[in-house]
Amino acid sequence: MTELLDILASVPFWVAVLRVATPLILGTLGVLLCERAGVLNLGIEGIMVAGAFGGWLTVYAGHGLWTGVLAAAAIGALLGLLHAWLTVGLALSQHVSGLGLTMLATALSYYGYRVAFPKVETPPTITPFAPMQGLGLPVLDAQTPLTLLALLLVPLIAWVLYRTPLGLAVRMVGENPRAAEGQGIRVLAVRTGAIVAGSALMGVAGAFLTLSAFNAFYFNMVNGRGWICVALVVFASWRPGKALLGALLFAFFDALQLRLQQSGSAVLPYQLYLMLPYLLSILALVVVARKATYPQALMKPYRKGER
Amino acid sequence: MRLEKRPQPSRAAQLGAPLLAILFTLALSGVLVLWAGAPVGRTYALLLQGAFGSTFAITETLTRAVPLILTGLAAAVAFKAHFYNIGAEGQLYAGALAAVAVGGLHGGTGLEWSPYVLFPLMMIAAALAGALWLLGPALMKARLGVDEVVTTLLLNFVMLLAVSALLDGPMKDPMAMGWPQSVALQPDLELGKLVPQTRLHTGLLGAVALAVAMWTLMARTVAGFRIRAVGANARAAAFAGVPVTRTLVLVALLSGGLAGLAGAIEVAGRTGYVTLDMSPGYGYSGIVIAMLAGLNPLGVVAAAVFVAGVLVGADSMSRAIGVPTYLADVIVAVALLAVLVAGLFTQYRIKR
């Protein structure tokens, strides 16, 4: 018990929580944007891999860290455009298109990595983002700028969604595309835009792993984080503020299990602790499912003039 | 631009579309081969040769196709009901674990029953284990409306960690010199060879028989009709008196059971024990195979041989010419998306 209190009272623990939460915040916001416009994006897992690889490769090739972030966002946007063409333009199954996108993006990244580095055993490293410092805030000081960016994006996206005509349009095409079209909103364009923007965020979420949390690209480094973001959006009832809360709560348990494991007080096999994040996600889905109010048009393709 | 439904999809389009999709896939992947600095024609020739160019290559491809047929069927039957089971990977491992739990040597303390009793028991246990692993997500979907895609996906990670824990602990083979591998299967439970001196085992016949059985079930029985009705429109099906929840449970049992069998047959036919890497993503490839086959159980066999050929061929191509084996995954993923698009254009045409 005292050990638990010790962990909770330590600054490094909360630093870890925020660090673990960052890719989840970015990814969850990305999924949220897509789903608010009525489109499921299961491509997230692959887009994160591609963002992690593309961002890292850009920096490794000698460009700046922020150029790497931009590259990851561009890769995400491009993959999002493909998803938008398949699901919005051609009205194909959003489930299948997303899964296909994940497979494609992952395979392309791994292939690219092997072509670029055919023989290396230890992954080549870069100099990642340094902690910001100088803000005078104990936990935030130890974070990199990408964490600050993620935190700032939460109120920004909430503001856009709820306070601007653009946000109203996004929410309308996710709830009732026919009514939105009646109001003169170009449904397909708004959906495409939301997917592209959301996917760009997913790309940055992946880049955080290689440019901030670690300094190299590893196989399987995304390891299901994308799927957890998909679960977190349901948990958050499609609201940016709650998405932040969910990501932090999740990261809290993830960081806690790691500490308990390291402290040697873990009596159970370590794998059981590693299962916790996934089981928690499922639990969150079950708890929230009853009162979850899905965007009404989620996963329903929209074809002009067809009922 | 908008899409307009064709009154009657033409036969030529239906046959030509998949071929065009594959050609497009090969062209696009060819660009990646060029990027790797290899000649495209020779790379594809080596790939084809590695997949089908000799008796050895063919048997290797068919051996690889066995688990893919089963996971492909698992995905096909579920997707037909619009139940997106993405968890075949976890269900496969559940089946593999159940198989060694029932039929394992357990350091000489294994069940000393006749193989004629023990083998069917082992297969039933594996199918049940896979089915049970999917039952939770199915009930969560039917009762609470929880999206099954995310739950089945997350359970894959849970199962792999469970396998890892079991191979470290209770099911670890003490004879394995510290390797994380399960106890071995009793030798008399192993499947016989279909072609001597190769790895091809009689599991292939079982997988093909199951494909025929699934085709019959889907096309010729009331249960199959209900599954298709729930997939076409769950609300209308419920209105017409189809028991939707019960049908979804049946689908989960069938789908999870098939994936569980994939694990058991891999253990009995090829590996003899469970390891953490016994499946290089067969569960996920099954999804692609089901989609390539248009969810037709007989088409699954053909699609599984195609995907197995690409995977096996890429391995031997990579050894010969140094293009990364991940080319196979790119080809499979592009083929999936291209076939989807091609399929759409046989149903719809563009109208300006």
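# Questions about a predicted model

Visitor: In which helix of chain A is A105(A) found?

Guide: This is a predicted model, in which local features need pLDDT of at least 70, side-chain atom pairs count only at pLDDT 80 or more, and totals for chains, interfaces and linings use all residues. Residues are numbered from 1 along each chain as its sequence is written, chains are lettered from A and ligands numbered from 1 in the order in which they are written, and side-chain values use heavy atoms, with hydrogens and water left out. Helices (H or I, at least four residues) and strands (E, at least two) are DSSP runs, numbered from the N terminus. Counted in this way, the helix that holds A105(A) spans residues 94–116 and is helix 5 of chain A.

Visitor: Is A105(A) buried or exposed?

Guide: The term buried means under 20% relative accessible area and exposed means over 50%, with partly exposed in between (1.4 Å probe, protein chains only). Leaving aside neighbours within four places in sequence, A105(A) is in contact (heavy atoms within 4.5 Å) with G46(A), I47(A), A50(A) and L79(A). Because its relative accessible area is 2%, A105(A) counts as buried.

Visitor: Which residues, beyond its neighbours within four places in sequence, are in contact with S199(A)?

Guide: S199(A) lies in helix 9 of chain A, which covers residues 187–213, and with a relative accessible area of 0% S199(A) is buried. Once the neighbours within four places in sequence are left aside, the contacts of S199(A) are N41(A), I47(A), G76(A), A77(A) and G80(A).

Visitor: At what angle do helix 3 and helix 9 of chain A pack, and which word describes that angle?

Guide: Axes are lines fitted to C-alpha atoms, for helices over the stretch in contact, and angles run from 0 to 180 degrees between N-to-C directions. Helix 3 of chain A (residues 44–60) and helix 9 of chain A have axes 6 Å apart and pack at an angle of about 55 degrees. Angles under 35 degrees count as roughly parallel, over 145 as roughly antiparallel, 65 to 115 as roughly perpendicular and the rest as oblique, so helix 3 of chain A is, relative to helix 9 of chain A, oblique.

Visitor: How many nonpolar, polar and charged residues does the contact of helix 3 with helix 9 of chain A have?

Guide: The residues that meet include I47(A), M48(A) and W56(A) in helix 3 of chain A, and S199(A), M202(A) and L211(A) in helix 9 of chain A. Ala, Val, Leu, Ile, Met, Phe, Trp, Tyr, Cys and Pro count as nonpolar, Asp, Glu, Lys and Arg as charged, and the others, Gly among them, as polar. By these classes, the contact of helix 3 of chain A with helix 9 of chain A has 10 nonpolar, six polar and no charged residues.

Visitor: How does helix 12 of chain A lie relative to helix 6 of chain B, roughly parallel or roughly antiparallel?

Guide: Helix 12 of chain A (residues 270–289) and helix 6 of chain B (residues 148–168) have axes 9 Å apart and pack at an angle of about 160 degrees. That angle makes the two helices roughly antiparallel.

Visitor: How many charged residues are in the contact of helix 12 of chain A with helix 6 of chain B?

Guide: Among the residues that make this contact are Y270(A), L274(A) and Y278(A) of helix 12 of chain A, and V150(B), L154(B) and D168(B) of helix 6 of chain B. Of the residues in the contact, 15 are nonpolar and four are polar, while the number of charged residues is one.

Visitor: What is the radius of gyration of chain A?

Guide: Chain A has 12 helices and zero strands. The radius of gyration is taken over C-alpha atoms, and the globule rule is 2.2 Å times the number of residues to the power 0.38. For 307 residues this rule gives 19 Å, so chain A is as compact as a globular protein of that length, with a close value of 20 Å.

Visitor: What is the phi of M299(A)?

Guide: Most residues other than glycine have a negative phi. M299(A) lies in the segment after helix 12 of chain A and, with a relative accessible area of 29%, is partly exposed. Although M299(A) is not a glycine, its phi is positive, at about 70 degrees.
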